[in-house]
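Welcome! Here are some short exercises for getting to know a structure you have not met before. Try each task yourself, then read the solution step by step.

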Amino acid sequence: MILLTRKAEFSASHYYWNEAWSAEENERVFGKCANKNGHGHNYTLEVTVAGEVDAASGFVVDLKQLKDVMEREVVGVYDHRHLNKEVSEFAKAIPTTENIAIAVWKRLEGKIPGAKLHRVRVYEMVDLFADYYGEP
Amino acid sequence: MKAYLSRRYRLSASHRLNTGAFTEDQNRTVYGKCNNPHGHGHNYVIEVTVGGPVNAETGMICDLGDLDACVRKEVVDRFDHTNLNLDPLFQDRVPTTENLCMEAYRLLAGAFSNAELVRVRVEETGNNSFEYPVNGLFAER
């Protein structure tokens with residue numbers, strides 16, 4: 001088995017807020033991220049797939065197809081959007097880096113021709129990233 | 001759903017690789033430039049990974065402020081702008097980055113209980129990095 005990773009970037013705005021809590025509680029837990037006017041990041045997405053190298057093509061996955069799936073399912077939906085207000089999965093789930101990694105996994109799982117999704121890594125910034133491996 | 005969160009911290013420190021188990025010649029041969037008696041330094045990156053279920057109310061594995069405070073107290077403030085050879089942890093072991101990585105893991109494992117400490121990875125330079133422990137999904141990267 002071999003792993004292959006492809007990167008993509010998207011820029012989006014978000015804020016952290018739990019409607020079940022008071023404003024004070026949101027501000028205590030989420031700090032600056034609770035500003036309801038939102039703020040933004042340049043996210044880097046790393047998608048890792050696992051599979052066997054095809055004897056004829058030498059590929060574990062067709063990179064063009066992987067790039068197209070990532071663009072269609074994730075980058076095209078998230079890029080230059082307000083995640084809380086414009087992306088359906090974050091109408092309820094708070095768009096933390098952890099939840100974005102899980103949401104990207106759900107968007108990509110089963111849609112990559114010929115390879116198995118192994119890991120989704122989302123960098124909110126260079127020094128902070130979340131990984132999801134599809135674990136329950 | 002279990003996810004992993006990684007955060008990178010920076011510290012600068014000096015060290016000298018030298019062991020009483022070797023002769024002066026052996027130390028020079030084994031450690032090369034790193035055996036310079038006056039020491040030398042690095043800008044280290046300490047990458048800390050925690051894992052756990054994502055809390056449904058917060059969307060988080062653990063409070064990032066708590067993690068930051070713990071890593072700063074236990075690791076960054078302890079080693080930043082110091083000579084690693086003088087730290088009590090390195091009286092009986094050489095402050096290689098392997099040993100720094102393992103000691104940072106032990107310090108954090110004993111102090112952080114909000115989430116599972118999965119891994120500590122230390123970059124000594126942009127070309128050298130070390131990880132401990134080697135387990136589970138992270139070892140398959």
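**Exercise 1.** Which residue is the bridge partner of A:Ser13 in E2(A)?

*Solution.* Keep in mind that you are looking at a predicted model.
- Step 1: find the two strands, E1 (residues 2–14) and E2 (residues 39–51) of chain A, which pair in the antiparallel sense.
- Step 2: follow their pairing, which runs over 13 bridges.
- Step 3: go to A:Ser13 and look across to E2(A), where its bridge partner is A:Gly40.

**Exercise 2.** Find the sense in which E2(A) pairs with strand E4 of chain A, and name the residue of E4(A) that stands opposite A:Thr48.

*Solution.*
- Step 1: strand E4 of chain A covers residues 116–125.
- Step 2: E2(A) and E4(A) pair in the antiparallel sense, with seven bridges between them.
- Step 3: opposite A:Thr48 you will find A:Arg119.

**Exercise 3.** Decide how helix H2 of chain A lies against H4(A): roughly parallel, roughly antiparallel, roughly perpendicular or oblique?

*Solution.*
- Step 1: locate H2(A), which is made of residues 63–78, and H4(A), which spans 97–108.
- Step 2: take the geometry of the pair; the helices pack at an angle of about 125°, and their axes are 9 Å apart.
- Step 3: angles of 65 to 115 degrees count as roughly perpendicular and those over 145 as roughly antiparallel, so an angle between these ranges is oblique. H2(A) is therefore oblique to H4(A).
- Step 4: add the handedness, since H2(A) passes H4(A) in a right-handed crossing.
- Step 5: list the residues that make the contact. H2(A) brings A:Val69, A:Glu73 and A:Val74, while H4(A) brings A:Val104, A:Arg107 and A:Leu108.
- Step 6: sort them by class, which gives four nonpolar, no polar and two charged residues.

**Exercise 4.** Describe where chain A and chain B meet: how many residues of each chain are in contact?

*Solution.*
- Step 1: count on both sides; 20 residues of chain A are in contact with 15 residues of chain B.
- Step 2: ask which elements contribute. On the side of chain A that touches chain B, helix H4 and strand E5 (128–132) of chain A each supply at least two residues.
- Step 3: classify that side of chain A, which has 12 nonpolar, four polar and four charged residues.
- Step 4: look at the strands that cross between the chains. E5(A) pairs with strand E1 (residues 2–15) of chain B in the antiparallel sense, over four bridges.
- Step 5: pick out one pair from these strands: A:Ala130 has B:Leu5 in E1(B) as its bridge partner.

**Exercise 5.** Give a description of each chain as a whole, starting with its helices and strands.

*Solution.*
- Step 1: chain A has four helices and five strands, and chain B likewise has four helices and five strands.
- Step 2: read along the sequence. Chain A runs β-α-β-α-β-α-α-β-β, whereas chain B runs β-α-β-α-β-α-β-β-α.
- Step 3: box the C-alpha atoms along the principal axes. Chain A fills roughly 60 × 30 × 25 Å, and for chain B the box is also roughly 60 × 30 × 25 Å.
- Step 4: check burial. In chain A, 31% of the 136 residues are buried; in chain B, 28% of the 141 residues are buried.
- Step 5: turn to contacts between residues at least 6 apart in sequence. In chain A, 70% of them join residues at least 24 apart, and in chain B, 69% of the contacts with a separation of 6 or more come from residues 24 or more positions apart.

Definitions and conventions. Residues numbered from 1 in each chain as written. Chains lettered and ligands numbered in written order. Predicted model: local features only at pLDDT ≥ 70, side-chain atom pairs only at ≥ 80, totals over all residues. Contact = placed C-beta atoms within 7 Å. Nonpolar A, V, L, I, M, F, W, Y, C, P; charged D, E, K, R; others polar. Pairing = 2+ DSSP bridges. Buried ≥ 20, exposed ≤ 12 C-beta atoms within 10 Å, placed from the backbone. Axes fitted to C-alpha atoms, helices over the stretch in contact; angles between N-to-C directions. Parallel < 35°, antiparallel > 145°, perpendicular 65-115°, else oblique. Left-handed = near helix turned anticlockwise from the far one by under 90°.
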